[in-house]
Amino acid sequence: PTSEPNHTKTRKTRMVDYSKWDKLQISDEEDAKPSPSRPPAPVQPKAPAIPKRRLHPSDYHPERSLNKELFEPLNCRRWVRPELLDVISKWQSAKNTGDENAFKSVDLDGFEGFQVEAPGIFSFPALTDEFCELLLKEVQHYRQSGLPSRAPNSMNNYGLVLNEIGLRPAFSAVLKEVLLPIGARLFGNDEDRITAFKGEAVETEDWGGSTL
């Protein structure tokens, strides 16, 4: 007897060939080798900080100052505008006689150039043009001296503290002999302070009495 051929085919499982992965080219980023790092630069030891000596007024005046008359307290009235001197003249006379009400002799209504800019803010002519010009030249001269300067505050890097270069005595004389009576009439004690200017009420308050 003849046997019939078996037409049933055996299904073979195909194996995955992974060898192709061995032939893939990697990208430049993956192939790039890190460059050898440079050795760190040697750290130089810092020199110890030398403390700066604070500027003393005598470092500048009188040896290096330009306009020495600016620094003399006895010249304080020379630098004041005539309008202001006229206003305080009666106060000066009353003060010299020991009058307790001397501040009341300062008549701001008759002060030419005196203005109320805003509540509690006033303006008036005080220093002469000559003084302002000499002071500006003095500041420029100090800048050229090479001496250190301290900024008055964090918002003013180009200013100069004039008291520190020797002008404190001169400015103190102006405050005491010229501006004190004006300040007393505006911000002094209740008995000295004005309540109106040329018929208009003004808002002022005691800022520490009628003294410096």
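1. Helix 3 is a good place to begin reading this predicted model, and the residues to find in that helix are Phe131, Leu134, Leu135, Glu138 and Tyr142, which are buried. Seen down the axis of helix 3, these buried residues fall within an arc of 100°, and so they line one face of the helix. As background, an α-helix has 3.6 residues a turn, so residues three or four places apart point the same way.

2. On the other side of helix 3, the residues Asp129, Glu133 and Leu136 are exposed, while the cover over the buried residues of helix 3 includes helix 4.

3. The length of helix 3 can also be checked: its 15 residues, 129-143, should span 21 Å at 1.5 Å a residue, and because the C-alpha atoms at its ends are 21 Å apart, the expectation and the model agree.

4. Turning to the interior, the largest nonpolar core has 26 residues, and those with the most contacts inside this core are Leu108, Ile182 and Leu186. Helix 2 (82-96) and helix 4 (168-187) each supply at least two residues of this core, and helix 4 gives the most, with eight residues.

5. Which residues does isoleucine 182 contact, leaving aside its neighbours within four places in sequence? Isoleucine 182 is in contact with Leu84, Val87, Ile88, Val106, Leu108, Phe111 and Phe124.

6. Another core, of 15 residues, lies apart from the largest one, and among its members are Phe71, Leu134, Leu147 and Ala170. In soluble globular proteins, nonpolar side chains tend to be buried together.

Notes
Residues are numbered from 1 along each chain as its sequence is written. This is a predicted model: local features need pLDDT of at least 70, side-chain atom pairs count only at pLDDT 80 or more; totals for chains, interfaces and linings use all residues. Side-chain values use heavy atoms; hydrogens and water are left out. A nonpolar core is a set of buried Ala, Val, Leu, Ile, Met, Phe, Trp, Tyr and Cys residues joined through side-chain atoms within 4.5 Å. Buried means under 20% relative accessible area, exposed over 50%, partly exposed in between (1.4 Å probe, protein chains only). Helices (H or I, at least four residues) and strands (E, at least two) are DSSP runs, numbered from the N terminus. Contact means heavy atoms within 4.5 Å. The expected span of a helix is 1.5 Å times one less than its number of residues. The arc is that of the directions from the helix axis to the C-beta atoms.
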